[in-house]
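Me: I'd like to learn how to read a few features off a model like this one. Can you walk me through it?

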Amino acid sequence: MRHNGQARQFPKIGMRNIKTAIAAALCAFVYYFFDRSPAFACIGAIFGMGSDLEMSKLHGGNRLFGTVIGGLLGMALFRIYLIFYPEGGRSLLQVVLVFIGTILLILLCQLFWVGGVQPGGVVLCILLFNTPVDTYISYALNRIFDTGVGVVAALAVNSLFPGGFTFQRAEEYCANLEKKMEHFSGYHAADREKGKHLPEDGEQSAE
């Protein structure tokens, strides 16, 4: 395939690619033993992975705090909706609620976590338009929990690879250990060199 007259190279599998896949697979593996769908945990892990640990904190925070804010706000608005329509169903009231909810979501995210608007909006809209009446609370709480698990998995995996906290600490420890070994070796080399120039017993007695 050519792009702007040049052959387009096939993308390489980089470290972030590997870390993202590991984090998602880790969530799926853990959830397998609990007979629970890992879908939202895997999504949280994928969204929460960054090129390094700092970027993972940013992306993961966006996903987690957005889900929390959108989930809690969605539950509150859906509860208001049920007061007027206990059986659920479609209503023009949902138009009003999504309008008010979007404004409130943006304001809350500006107060607590600016990057949470998009993921929070996803949860808010799903709660208002696509959640059964009897499961909207459990859906929101499960979504928050699973997203948190995925974000934690992304942070944990990222910390163990280049750019991560654990990896950086290991590099710093090895560098400090190497400096100490060099200092230790240099100190003993200086002692040996100094010992060569010390006069022997026979020379001292001749003087």
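Reply: We'll take confidence, then cysteines, then a surface patch.

Me: How should I read the confidence here, and what does the chain average?

Reply: This is a predicted model, so start with pLDDT, the predictor's confidence in each residue. The chain averages 83, and 74% of the residues score at least 70.

Me: Which elements have the lowest and the highest mean pLDDT?

Reply: Helix α8 (residues 201–206) is at the bottom with a mean of 48, while α4 tops the elements at 97. Over residues 203–207 the pLDDT drops below 50, and that stretch has one contact in the model beyond near neighbours in sequence.

Me: Next, the cysteines. How many disulfides does a search of the whole structure find?

Reply: Zero. To call one, you need a pair of cysteine sulfur atoms within 2.5 Å. The sulfur of cysteine 27 has its closest cysteine sulfur in cysteine 42, but at 5.3 Å that's too far for a bond.

Me: Is cysteine 27 buried or exposed, and what about cysteine 42?

Reply: Buried means under 20% relative accessible area. Cysteine 27 counts as buried because its value is 2%, and cysteine 42 is buried too, at 15%.

Me: Last one: which residues make the nonpolar surface patch?

Reply: Leu92, Val95, Val96, Phe99, Ile100, Ile103, Leu104 and Leu107 make a patch of about 750 Å². Take phenylalanine 99 as an example: it lies in helix α4 (residues 93–112). The cut-off for exposed is over 50%, so phenylalanine 99 qualifies with 57% relative accessibility.

Methods. Residues numbered from 1 in each chain as written. Predicted model: local features only at pLDDT ≥ 70, side-chain atom pairs only at ≥ 80, totals over all residues. Heavy atoms only, no water. Patch = residues over 30% accessible without salt bridge, like charges linked within 9 Å, V, L, I, M, F, W, Y side chains within 5 Å. Areas by Shrake-Rupley, 256 points an atom, 1.4 Å probe, with all protein chains shown as cover. Salt bridge = Lys/Arg side-chain N within 4 Å of Asp/Glu carboxyl O. Helix = DSSP H or I, 4+ residues; strand = E, 2+ residues; numbered from the N terminus. Buried < 20%, exposed > 50% of the residue type's maximum accessible area, 1.4 Å probe, protein only. pLDDT = per-residue confidence, 0-100. Contact = heavy atoms within 4.5 Å.
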